[in-house]
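Let's take a relaxed walk through a protein model. Keep the 3D view open and turn it as you read.

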Amino acid sequence: RQLPMPSPPESGEQILDHIASAITPRTRVLSFCHIQYTDGTVMPVRELCRLCRDRGLVSVVDGAQAVGMLDFKIRDLGCDVYATSLHKWLNGPYGTGLLVIREEMLDRVWPTVVTGNDGWDSVDRFGVSRDGSVVDFAADWPRALLKFGANLHYFGPLVWALLPAIEHHENLGQARIEARIRHLAAILRERLQGVPGIEFLTPESPELAAGLLSFRLPDTDTRALAVELRRDEDIIIRNVTHAPVGFDVNRACTHIFNTEDDIDRLVEALRRRVKAGRSG
């Protein structure tokens with residue numbers, strides 16, 4: 001069951017109540033974003049994971065927009081499964097990701113794709129334990145991490161290329177990175193407020209917002225606007241559209257490499273289009 005969320009939400013409590021009220025006796029798994037890519041809402045992850053534990057549900061968190069942006073530790077969230085891509089805010093190679101599974105869940109989670117020569121049914125399945133004895137990993141395959149690593153060796157160069165990206169973030173400090181991202185997002189929101197008719201779909205509260213800012217301009221084709229800005233202004237934003245629920249916005253992201261000049265260029269470009277009546 002897909003649950004539409006209010007945009008923008010009023011509070012973390014509203015989000016929690018909205019989701020809790022949708023849980024039925026048939027619910028087994030609750031899957032949600034750490035940060036929603038649509039409206040940029042930072043979800044109350046710890047509270048939602050606690051709700052899952054209280055209701056006997058499995059919590060699966062999509063952290064694609066959180067890792068590399070927010071300063072946090074996955075272990076502190078209390079989730080059963082956390083998955084993320086690493087090419088976004090971490091600036092790692094495209095196609096890399098991370099899957100974290102609570103140890104108690106390893107024998108309950110099954111891969112949907114397994115290859116014969118490098119999955120958990122591999123003929124080359126033996127290893128050596130710390131005491132020197134030979135271990136048959138297939139004998140304990142339900143809990144073996146090997147079953148989640150199909151084809152991993154084919155992506156070795158990408159995995160190695162992650163190391164400089166991780167080192168860069170560690171050198172800068174994730175807390176400093178998050179602070180800059182939030183600072184730039186706050187400046188962007190403040191300056192966009194002067195654009196006539198603009199509507200924000202991202203919450204204003206720092207508790208619920210970070211580096212993604214979703215907005216709408218009146219009578220605007222969001223896709224055409226994104227294409228036009230990229231083509232004519234060398235400014236990259238994206239349109240996010242979910243027709244079944246009437247969600248249609250443009251979204252800007254303030255990364256650490258962005259500057260206030262970048263923000264001013266976007267604001268002025270939007271002002272010109274609204275004034276000229278060409279944003280649609």
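In which loop is N91 found? It sits in the loop between β3 and β4, where β4 covers residues 97–101. Keep in mind that what you're looking at is a predicted model.

**Odd spots in the backbone**

N91 makes a good start, as its phi is positive, about 65°, although N91 is not a glycine. In general, most residues other than glycine have a negative phi, and most peptide bonds are trans. Is N91 hidden away? With 38% relative accessibility, N91 counts as partly exposed, because that class runs between 20% and 50%.

D234 is another residue other than glycine with a positive phi, near 60°. You'll find D234 in the loop between α5 and β9, the latter being residues 238–242. D234 has 62% relative accessibility, so it counts as exposed, the cut-off for that being over 50%.

The peptide bond between S7 and P8 is cis, with omega at about -5°. To locate P8, look in the segment before α1, which spans residues 12–20.

**The whole chain**

Now zoom out. The protein chain has six helices and ten strands. It is 280 residues long, and 42% of those residues are buried. Take the contacts between residues at least 6 apart in sequence: 62% of them join residues at least 24 apart.

**Four residues to click on**

Here are four residues with their places and their relative accessibility.

| Residue | Where | Relative accessibility | Class |
|---|---|---|---|
| D80 | loop between β2 and β3 | 12% | buried |
| V60 | strand β2 | 24% | partly exposed |
| L184 | helix α4 | 2% | buried |
| R191 | helix α4 | 29% | partly exposed |

Start with D80. Its loop runs between β2 (58–62) and β3 (81–85). Why does D80 count as buried? Because its relative accessibility is 12%, and anything under 20% falls in that class. Setting aside neighbours within four places in sequence, D80 is in contact with L57, V58, S59, V100, I101, R102 and M105.

V60 lies in strand β2. If you skip residues up to four places away in sequence, V60 touches V29, L30, S31, F32 and V81. One of these, V29, is 31 residues apart from V60 along the chain, yet their C-alpha atoms are separated by 7.3 Å.

Next, helix α4, which spans residues 174–192. L184 in this helix is buried, with a relative accessible area of 2%. Beyond its neighbours within four places in sequence, L184 is in contact with T254, H255, N258, T259, E260 and I263. L184 and T259 are 75 residues apart in sequence, but 7.6 Å apart in space from C-alpha to C-alpha.

R191 is found in helix α4 too, and it is partly exposed. Not counting residues up to four places away in sequence, R191 touches E260, I263, D264, V267 and R271. R191 and D264 are 73 residues apart in sequence, while their C-alpha atoms are 7.9 Å apart.

**Two helices that meet**

At what angle do helix α5 and helix α6 pack? The angle is about 115°, and the axes are 12 Å apart. Helix α5 covers residues 222–233 and helix α6 covers residues 260–276. The crossing of α5 past α6 is right-handed. On the α5 side, the residues in the contact are L225, E228, L229, D232 and E233; they meet R265, L266, A269, L270, R272 and R273 in α6. Sorted by class, the residues of this contact come to five nonpolar, six charged and no polar.

**A pocket to look into**

How do you spot empty space in a model? Rolling a probe the size of a water molecule over the atoms shows where empty space is left. In this model, the second largest pocket holds about 900 Å³ of space. It is lined by 26 residues, and the closest to its centre are R1, Q2, L3, P4 and M5.

Which strand gives the largest share of that lining? Strand β1, residues 29–33, does, with five residues. By class, the lining of the second largest pocket has 15 nonpolar residues, eight polar ones and three charged ones.

Conventions:
Residues are numbered from 1 along each chain as its sequence is written. This is a predicted model: local features need pLDDT of at least 70, side-chain atom pairs count only at pLDDT 80 or more; totals for chains, interfaces and linings use all residues. Side-chain values use heavy atoms; hydrogens and water are left out. On a 1 Å grid over the protein atoms alone, a cavity is a set of points where a 1.4 Å probe fits but cannot get out, and a pocket is an open set with protein on both sides within 12 Å along at least five of seven lines; lining residues have an atom within 4 Å of a point. Grid points are joined across faces, edges and corners, and a volume is the space filled by probe spheres set on the points. Helices (H or I, at least four residues) and strands (E, at least two) are DSSP runs, numbered from the N terminus. Ala, Val, Leu, Ile, Met, Phe, Trp, Tyr, Cys and Pro count as nonpolar, Asp, Glu, Lys and Arg as charged, and the others, Gly among them, as polar. Axes are lines fitted to C-alpha atoms, for helices over the stretch in contact, and angles run from 0 to 180 degrees between N-to-C directions. A crossing is left-handed if the near helix is turned anticlockwise from the far one by less than a right angle, and right-handed if clockwise. Contact means heavy atoms within 4.5 Å. Buried means under 20% relative accessible area, exposed over 50%, partly exposed in between (1.4 Å probe, protein chains only).
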